[in-house]
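Please open the structure in your viewer and keep the selection tool at hand. We will go from one selection to the next, pausing at each stop to say what is there.

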Amino acid sequence: MQSLIAENNEKRKLLNKENKKIYEDMLMYVRLSYKKSEAETEEVLMELLDHLLILQHEGKDASELFGTDPKQYADEIVGELPQVITKKVIMLFFMGVFYFLGVATFVNGLVSSILSYGFGQLESNETYYIGTLSVNTLLSLGIAFLVVCGVIRYISWTCFKNVSKVFELLVTGIVFGTLPFCIFLALFYFMPSFGPSITIELYWLILIGICFYLLGNVFKRKA
Amino acid sequence: MAIRSQLLKGILEGCILAIISKETVYGYELAMKLQDQGLDVSEGSIYPILLRLQKEKLIQGEMRKSPSGPNRKYYTLTDAGEESLETFRKNWEYLKKPVDQLLDEEDV
C-alpha cells in the first residue's frame, strides 16, 4: 500500500499544472472518504492517474476522464468504493483517542516540568481531582473529535473550488484553532474540583503521555 | 433521464463483461476497446462500473507489472462473472428482436 502511495507521489509530478490541480483535488476528496477500503481507494486513484497521464500525452483534456463536473464524478467513485469493516473504524477511533491523550499529556508534562525544575516557576507536583479530570478529558475528546470531523468536512468542501486565501485563513484560524483552544482553556479554568484527589510529580505526566501514545500505536497496528 | 441512464449503465456493464471475458485488460485499454466498438461513452465512466463489478465479485482486479514498466490493474472475469455475462447475453437476445421489429414497423 505504501509503495502504491509513493508511486502515486512520483507519477503526479508528470502532470501539467491544470491536470495536477484537478487530480489532486480528486485525490484529496476520495482519500478523505475515510470509511472506505484503503487498498481499493489507492488502486483506483492510480488507475485514474495513469489514464490522465495518457490523455495528457495525447493532448486531450481532463474532462474526457472526469466529465464536466469532477465533484460529481468523485462522488460516483466514492459511492462505489467498498466500505471497510467496522472493526477497523473502531480501532482507528481508539488510535485517535490515545494519540490525542498521549500528545496532550506529554506536552503538558514537558512544559510544566521545564517550568518547574528548570525555572522554579511551578511546584513540582500537581493535584488532580478524579471527577474533574474525567469530565474534562471526556469533553476535550468530544471537542477534538468535532474539530477533526470539521476539518475533514471543510477540506472536502474546498476540493474543486477556488477558495480565497484570506477566507481560508480566517475560517480555519478561528473555527479550528482559536475557538477550540479557548473552550479547552475555559474547561480547565472553570470546571469545579470534585471527586477524590491524587497528587503526582510532574514528570509522571511525561511517562503517562508516552504510555498513551504507545497504546495508540497498538490500536494502529490492529487496524 | 434516470431510466435512460440506468438502462445504458446495464448495457455498458454487459459490454464490459464481454470484453473482459475475451481477454485480460486494464482500465485504459478497456476504454479504448469500447470506443473501437463505436460505444462513445466518456472514458471515465468505466471506473465506477469496474468498482461495482468488483464489489459484486463479477470481475477480479490484480495489480501487475505491465510489459512497459509501471504497475497496472488487470481485470479478469470470475465464475460469477461468466454466469452474469451469460444472463446478459440471453436477456439481450430476448430484447433485441422485438425492439428492432417494433422500431422497423414505425419506420414504415
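Select F160(A), which sits in the loop between helix 7 and helix 8 (165-190) of chain A; bear in mind, here and at every later stop, that this is a predicted model. The backbone of F160(A) has a positive phi of about 65 degrees, although this residue is not a glycine. Is F160(A) buried or exposed? The answer lies in between, since its relative accessible area is 22% and a residue must be under 20% to count as buried; F160(A) is therefore partly exposed.

Now move back along chain A into helix 7, which covers residues 130-158, and select F145(A) within that helix. With a relative accessible area of 45%, F145(A) is again a partly exposed residue. Add F100(A) to the selection and draw a distance between the two C-alpha atoms: F145(A) and F100(A) are 45 residues apart along the chain, and their C-alpha atoms are separated by 9.8 Å.

The next selection is C149(A), a residue that counts as partly exposed at 30% relative accessibility. Which cysteine sulfur is closest to that of C149(A)? It is the sulfur of C159(A), and because the two sulfur atoms are 16 Å from each other, they are too far apart for a bond. A disulfide is a covalent bond between the sulfur atoms of two cysteines. Select C182(A) as well, and you will find a partly exposed cysteine with a relative accessible area of 42%. When the whole structure is searched, zero disulfides are found over all chains.

Before leaving chain A, zoom out until the whole chain is in view. Its secondary structure comes to nine helices and two strands, and if you follow the chain from the N terminus on, the elements run in the order α-α-α-α-α-α-β-α-α-β-α. How does the radius of gyration of chain A, and what would be expected of a compact globule of 223 residues, work out? Chain A has 23 Å, whereas such a globule would have a value near 17 Å. If you turn the chain along its principal axes, its C-alpha atoms fill a box of roughly 70 × 40 × 30 Å.

Stay with this view and switch on the surface of chain A, which exposes about 13500 Å², with carbon and sulfur atoms supplying 68% of that area. Of the 223 residues in the chain, 34% count as buried. Colouring by charge brings out 19 positive and 22 negative side chains, and the centres of these two sets lie 3 Å apart. Among the contacts of chain A with a separation of 6 or more, 80% are accounted for by residues 24 or more positions apart.

Turn next to chain B and select E13(B), which is found in helix 1, made up of residues 2-22. This glutamate counts as buried, at 17% relative accessibility. Leaving aside residues up to four places away in sequence, E13(B) touches I49(B), R52(B) and L53(B), so select these three together with it to see the group.

The last stop is K57(B), in the loop between helix 3 (46-55) and strand 2 (59-65) of chain B. Its phi is near 60 degrees, a positive value in a residue other than glycine. At 60% relative accessibility, K57(B) counts as exposed.

Conventions:
Residues are numbered from 1 along each chain as its sequence is written. Chains are lettered from A and ligands numbered from 1 in the order in which they are written. Side-chain values use heavy atoms; hydrogens and water are left out. Helices (H or I, at least four residues) and strands (E, at least two) are DSSP runs, numbered from the N terminus. The radius of gyration is taken over C-alpha atoms; the globule rule is 2.2 Å times the number of residues to the power 0.38. Buried means under 20% relative accessible area, exposed over 50%, partly exposed in between (1.4 Å probe, protein chains only). Contact means heavy atoms within 4.5 Å. Accessible areas come from the Shrake-Rupley method with a 1.4 Å probe; for residues, only the protein chains shown count as cover. Lys and Arg count as positive and Asp and Glu as negative; His and the chain ends are not counted. The place of a charge is taken as NZ of Lys, CZ of Arg, CG of Asp or CD of Glu. A disulfide is a pair of cysteine sulfur atoms within 2.5 Å.
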